[in-house]
Every structure is written in structure tokens, then in C-alpha cells.
Amino acid sequence: MEDRVVGSFLRLMMCLVVGMMMLSACEEQTEHTAPAINDRDSVSTMITNGVNTLISDSGLIKYRIVAERWEINQRRNPQRWIFDKGLFMTQFDEKFHVQLYIQCDTAYHFDGLRLWELRGRVHVLTKDGLDFKSEELFYDMNKHEFYSYKYSKLVTPERTLQGTYFRSDENITNYYVSNSKGSFEKGDIMNEEKETKEKDNKDTTNVTPIRQQAQPQRKVPHV
């Protein structure tokens with residue numbers, strides 16, 4: 001009798017276990033997947049580390065670029081090259097002579113606009129010894145000119161200029177600085193003072209006879 005009861009109990013437990021297994025098998029399986037990347041702007045076309053290359057412009061080799069990281073992103077608007085770990089650039093003339101050196105912390109090149117944007121510690125040194133420093137500098141390849149809207153310091157062998165607006169040709173031989181202050185050579189100041197003194201002496205010589213004629217002698221009465 002007891003054996004039949006135990007057997008029935010075991011069969012009942014087995015049926016319950018099988019039924020639970022069948023129910024769990026019928027449940028829908030949940031997939032654990034990562035969310036999709038919807039921002040396509042974050043996907044770059046190319047990323048290159050350790051760059052040392054020559055860049056041509058209008059069929060001529062115009063620049064040498066040295067950078068730790070070069071990223072090309074053609075999905076952003078506008079399309080751009082990104083140098084977020086610094087950039088060192090050398091600019092050449094038509095005969096492949098060095099015109100100037102450019103160094104900065106971060107650089108962007110907007111290919112369609114033909115525009116360079118340099119940020120951070122921007123430093124430019126020309127073949128003539130001109131030294132330019134700023135936190136921002138743009139280079140328009142269409143107009144062949146540099147410009148900046150931030151404080152800039154420009155040092156040449158003759159003088160030092162500082163201002164909040166800077167514009168020049170691409171060789172930085174003809175430049176303009178506004179809202180500026182500067183220092184000049186002592187010789188320039190001495191020459192200017194000499195010219196001022198000579199002009200004052202000349203004016204005094206011409207005026208004195210006129211004053212003498214305009215003031216007649218006064219008679220002194222006898223006491």
C-alpha cells in the first residue's frame with residue numbers, strides 16, 4: 001500500500017516538473033542587445049596615427065604635415081580633417097622653398113571650404129624672422145590670407161605689435177593689426193623727436209619777426 005502511494009506521488013512530481021519545463025520552453029526568448037548608434041556624424045572615414053605627409057594645392061606641393069593623429073570625417077557638415085593631438089605644418093613656395101612654419105594644439109581643415117582653423121597655442125615663424133603667437137588663426141586658401149579675431153602678438157626684428165584683430169597675406173609679409181599697441185626701435189623714436197625739434201625751431205624763427213613788428217615800443221615816462 002505504501003509503495004503504491006509513494007509511486008503515485010513520484011509520478012505526480014514528475015508530471016509537474018515536465019509541465020513547468022514545457023511552459024518555460026514556450027516563453028519568448030529576450031535578446032540582450034546594445035542600442036543602435038544613430039548619430040552617424042561620430043563615424044569617421046579614416047583615422048591615421050603618426051602622420052608625416054606632403055599636401056598639394058593646385059598641382060603644386062604646398063605643405064608638409066606632421067601630426068600624431070589625423071582623422072577624416074566626411075559625414076559632418078561641413079566635411080573636415082581633424083588634428084586633435086596637435087599639428088606641425090611647413091608651407092612652401094612654387095620652388096619648394098620654406099616660407100613659414102606653423103604649430104598649434106588643435107587644427108581643422110574644412111575641405112569643401114578650403115579653410116584651415118587653428119586653435120590652442122598657435123605659433124607661426126616665417127623665413128624673414130617674423131614670430132606670430134595667438135590662441136586662434138584662420139587660413140583661407142581661396143583668398144590666400146590669414147586672419148584672427150583674438151589677441152595676437154607679432155614680433156619682427158624691428159618692432160613688436162599686439163592687437164585683437166589680425167589679417168595678412170599668406171606669407172605674412174603684408175599684415176594689418178587693429179586695436180593694437182606696440183614698441184618700436186629707439187632709433188625710430190630719436191629720429192621722430194629730432195624732426196619735431198627742427199620743425200619747432202623753424203616755426204619759431206618765422207614767427208618771431210612778426211611778433212616784433214606787431215608790438216611797437218612803449219615810451220617810459222620820466223619821473
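Here are some questions and answers on a predicted model, from its aromatic pairs to its odd backbone spots.

Q: How many aromatic pairs does the count come to?
A: Let's start with the rings. A pair of aromatic rings is described by the distance of the centres and the angle of the planes. Going by ring centres within 6.5 Å, the count comes to 14 aromatic pairs.

Q: Is the pair of Y63 and Y139 stacked, tilted or edge-to-face?
A: The two ring centres sit 6.5 Å apart, and the planes make an angle of 75 degrees. Anything over 60 degrees goes in one class, so Y63 and Y139 count as edge-to-face.

Q: How many residues apart in sequence are the parts that Y63 and Y139 tie together?
A: Y63 belongs to strand 2 (residues 60–73), while Y139 belongs to strand 8 (residues 131–140). Both tyrosines are buried. Because they sit in those two strands, the pair ties together parts of the chain whose separation in sequence is 76 residues.

Q: Which of Y165 and Y176 is exposed?
A: These two also make an edge-to-face pair, 6.2 Å centre to centre with 70 degrees between the planes. Y165 is in strand 12 (residues 165–169) and Y176 in strand 13 (residues 175–178), 11 residues apart. Y165 has a relative accessible area of 18%, so it is buried. The other tyrosine comes in at 51%, above the 50% cut-off, so the exposed one is Y176.

Q: Which residues form one aromatic cluster with Y165 and Y176?
A: The cluster takes in the tyrosines Y165 and Y176. Joining them are F138, Y147 and Y149.

Q: Which residue has its backbone nitrogen 3.2 Å from a polar atom of the N73 side chain?
A: N73 is part of strand 2, and at 0% relative accessibility it counts as buried. A polar atom of its side chain lies 3.2 Å from the backbone nitrogen of R76.

Q: How many charged residues are in the lining of the largest cavity?
A: Searching the whole structure turns up 1 cavity of 30 Å³ or more, and the largest holds about 40 Å³ of space. Its lining is made of Y63, M89, Q91, I102, W116, L118, Y139 and F146, with strand 4 (87–92) and strand 7 (115–126) each giving at least two residues. By class that's 7 nonpolar and 1 polar, and the number of charged residues is none.

Q: How many charged residues are in the lining of the largest pocket?
A: This pocket has a volume of about 190 Å³ and 13 lining residues, with K62, F92, D93, E94 and E170 nearest its centre. Strand 2 and strand 4 are the elements that give two or more residues to the lining. Sorted by class, there are 2 nonpolar and 5 polar residues, and the charged ones number 6.

Q: Which residues does a cis peptide bond join?
A: Most residues other than glycine have a negative phi, and most peptide bonds are trans. Here's a bond with omega of about 0 degrees. One partner, P78, sits in the loop between strand 2 and strand 3 (80–83). The bond joins N77 and P78.

Q: What is the phi of F96?
A: F96 sits in the loop between strand 4 and strand 5 (98–104). With a relative accessible area of 40%, F96 is partly exposed. Although F96 is not a glycine, its phi is positive, at about 65 degrees.

Q: What value is the phi of H144 near?
A: H144 is in the loop between strand 8 and strand 9 (145–148). Its relative accessible area is 35%, so H144 is partly exposed. H144 is a residue other than glycine with a positive phi, near 55 degrees.

Note on methods
Residues numbered from 1 in each chain as written. Predicted model: local features only at pLDDT ≥ 70, side-chain atom pairs only at ≥ 80, totals over all residues. Heavy atoms only, no water. Phe/Tyr/Trp six-rings, centres within 6.5 Å; stacked < 30°, edge-to-face > 60°. Helix = DSSP H or I, 4+ residues; strand = E, 2+ residues; numbered from the N terminus. Buried < 20%, exposed > 50% of the residue type's maximum accessible area, 1.4 Å probe, protein only. Polar contact = N/O pair within 3.5 Å; in protein donor to acceptor, adjacent residues only side chain to side chain. 1 Å grid on protein atoms, 1.4 Å probe; cavity = no way out; pocket = protein on both sides within 12 Å on 5 of 7 lines; lining within 4 Å. Points joined across faces, edges and corners; volume = space filled by probe spheres on them. Nonpolar A, V, L, I, M, F, W, Y, C, P; charged D, E, K, R; others polar.
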